[in-house]
Amino acid sequence: MNYRSDIRNIAIVAHVDHGKTTLIDAMLKQSKVFRDSQKVGELIMDQNALEREKGITIMAKNTAVIYRGVKINIIDTPGHVDFSGEVERVINMADGCLLLVDSIEGPMPQTKFVLRQALAKGLKPIVVINKIDRRNSRTAEVLKLTENLFLELATSTDQLDFPVVYASAAEGKAVTEPGTKGKDIAPLFECILEKVPPPQIENGQFQMLVSNLDYDSHKGRIAIGRIRRGKVAAHDPVVCVSADGSLSHYEINEVFTYLGLKRLEVAQAGAGDIVAVTGLEKVGIGDTIASPERPEVLPRIEVGEPTVEMTLGVNTSPFAGREGRFSTTRQLRARLYKALETNLSLRVEDTDSPDTFLVKGRGELHLAILIETMRREGYEFEVSRPEAITKVINGNLVEPVEVLTLDTREEYVGVLTEMLSSRQAQLADMCNDGRDNIRLEFRITTKGLIGFRSAFLTATRGEGIMNTTFLGYEDWRGPIVSTRSGALVASEQGIAVSYGLSNAQGRGPTFISPGTLVYEGMIVGMNSRSQDIAVNVCKEKKKTNMRSSTADISVKLTPPVQLSLEQAIDFINRDELVEITPRNIRLRKKLLTQAQRLRDISSARRSIKQ
Ligand SMILES: Nc1nc2c(ncn2[C@@H]2O[C@H](COP(=O)(O)OP(=O)(O)OP(=O)(O)O)[C@@H](O)[C@H]2O)c(=O)[nH]1
Ligand SMILES: [Mg+2]
């Protein structure tokens with residue numbers, strides 16, 4: 001077995017927001033891959049518009065820097081639990097990982113998930129305690145907690161011997177001794193060169209596993225992965241082995257390697273390096289590309305199963321077809337099936353209704369990002385409330401269960417415990433730091449978590465952070481009764497006016513402002529009681545002969561509660577839908593007229609009696 005001492009391949013893994021992408025900024029800036037005059041800003045790798053807006057990484061991405069003549073291929077991964085599939089997809093390209101841990105928060109649920117993944121794949125970990133510039137850093141304690149995590153997860157004793165680097169990614173500094181003052185990120189680079197094993201290579205015929213796909217309108221599909229064996233050059237004949245074992249023959253068009261934010265075209269690349277190749281028209285993630293002389297298949301990438309599902313279908317609202325560019329069944333279907341090519345933990349299924357598809361993902365945010373992406377591309381459609389995916393194992397109905405970690409203030413413990421007990425959650429652990437900051441850990445069904453995020457943020461007035469990790473499947477615990485209050489439902493189509501909205505606000509908060517077009521059956525607010533109530537928000541004040549210049553202005557409205565897409569999906573009940581167009585997000589009852597809804601309730605009652 002040979003090694004390539006001129007390369008290191010590392011993945012950066014951590015809990016959400018612990019500073020992975022910022023650390024890559026520091027590495028890119030220090031290795032001078034940019035011209036001095038070039039303004040590159042922050043979170044350079046988060047280039048996707050949604051990533052920039054939300055300030056989180058959604059997709060794993062590659063970059064590379066050169067340090068003392070060694071190329072370090074770096075893979076940035078997302079830390080949010082809903083995008084865990086991305087970590088699983090790319091981790092096989094690396095030989096080592098930087099496990100970042102926030103110097104205040106310490107190891108969090110996703111830290112454990114990614115460390116388990118990394119150790120299972122045999123990656124050499126380097127612990128990076130980050131954000132040491134922050135005033136309340138508790139570096140020594142966090143290191144202790146991280147050591148405990150290793151003790152819990154390690155499968156061999158040599159995994160317990162990990163190097164530690166202390167960093168401020170934001171300031172671009174790293175040191176190996178806690179408490180010392182650093183000047184740049186070089187100590188981290190040195191540690192990578194010394195501790196991460198160089199890629200092991202096998203000489204022989206070309207073989208690579210495709211870990212990512214990209215698309216270019218001129219070059220077509222771009223397959224990205226790490227070369228396991230041999231080398232590849234432009235015009236080489238190759239075969240691609242797809243999921244069903246079928247072989248397709250192609251000729252490699254171009255070969256690229258990474259440097260900074262660019263892909264550099266190279267004449268050839270060899271085993272151990274991470275490359276992008278073009279010329280393969282039909283190639284998928286998980287496929288093996290190999291020399292036709294020895295087309296041996298590499299194990300496909302395994303990604304955890306989806307836990308939540310929702311229906312996504314053609315928009316059936318009275319305003320359908322007005323605001324989107326793509327709205328037909330055929331267009332929606334093609335777009336959804338295309339998403340499967342790169343979004344490995346997503347599933348799409350046809351349903352009995354030709355206009356509706358079942359979309360399954362790793363969490364509400366995972367699905368919301370797909371929906372938001374489609375809406376920005378010009379699609380219009382409707383979605384149902386997300387539901388946890390149940391399965392039957394050995395004749396038993398089982399459902400997904402998660403660990404929910406809440407970090408908040410002591411004063412909210414009562415209200416949170418009460419909210420969660422009605423959602424089938426059990427308190428597993430509670431610790432107080434002595435300063436009224438409290439961490440609560442619950443075991444909860446995925447179904448009990450749906451709709452909880454917005455309720456949590458409201459209950460804690462934004463003073464709380466929640467995290468979840470998937471635990472496994474357990475016996476079905478029975479249905480949960482919705483505790484949401486009723487909806488204010490528009491009783492007729494028209495334009496909402498101040499007078500009508502002001503009347504509606506006598507019942508509860510509204511979601512729309514005057515001038516909004518509404519239709520019968522659209523949800524325009526929240527009732528303070530549990531049942532739905534019809535309101536006429538288009539109703540004008542009766543004109544009187546007495547002209548009063550202030551009559552209409554005097555209506556004082558409370559500003560509407562504006563639900564984001566995620567909040568809207570979180571809010572709706574089973575008999576409701578979210579209508580999504582490039583311009584609007586509307587909530588609606590599935591059955592639009594009150595007569596239909598009443599009939600539905602009475603027939604449901606009849607069927608219970610029978
Ligand atoms: N004070 C301080 N803030 C930091 C440091 N590193 C990152 N941050 C901040 O922490 C926040 C999250 O940083 P990111 O780099 O986006 O974190 P991430 O791990 O890539 O997050 P995801 O990709 O969403 O999982 C940003 O506001 C950063 O500015 C640091 O060393 N010190
Ligand atoms: Mg990031």
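**Exercises on the ligand sites of a predicted model**

**Exercise 1.** Identify the polar contacts that ligand 1 makes through its oxygen and nitrogen atoms.

*Solution.* An oxygen atom of ligand 1 stands 2.8 Å from a polar backbone atom of Ala169, a polar contact being a pair of N or O atoms within 3.5 Å. The protein covers 82% of the 650 Å² of accessible area that ligand 1 has on its own (Shrake-Rupley method, 1.4 Å probe). A backbone N or O atom of Gly19 lies 2.9 Å from an oxygen atom of ligand 1. For a nitrogen atom of ligand 1, the partner is a polar side-chain atom of Asp133, at 2.7 Å.

This is a predicted model, in which local features need pLDDT of at least 70 and side-chain atom pairs count only at pLDDT 80 or more, while totals for chains, interfaces and linings use all residues. Residues are numbered from 1 along each chain as its sequence is written, chains are lettered from A and ligands numbered from 1 in the order in which they are written, and side-chain values use heavy atoms, without hydrogens and water.

**Exercise 2.** Determine which protein atoms are donors of the magnesium ion, and which parts of the chain they join.

*Solution.* The protein donors of the magnesium ion (ligand 2) are OG1 of Thr21 and OG1 of Thr57, 1.9 to 2.0 Å away; donors are N, O and S atoms within 2.8 Å of the metal (3.2 Å for Na, K and Ca). Thr21 belongs to helix α1 and Thr57 to the loop between α2 (49–54) and β3 (61–67), so the pair ties together parts 36 residues apart in sequence. Helices are DSSP runs (H or I, at least four residues), as are strands (E, at least two). Both Thr21 and Thr57 are buried (under 20% relative accessible area).

Key. A polar contact is a pair of N or O atoms within 3.5 Å; within protein, one must be able to donate a hydrogen and the other to accept it, and residues adjacent in sequence count only if both atoms are side-chain atoms. Buried means under 20% relative accessible area, exposed over 50%, partly exposed in between (1.4 Å probe, protein chains only).
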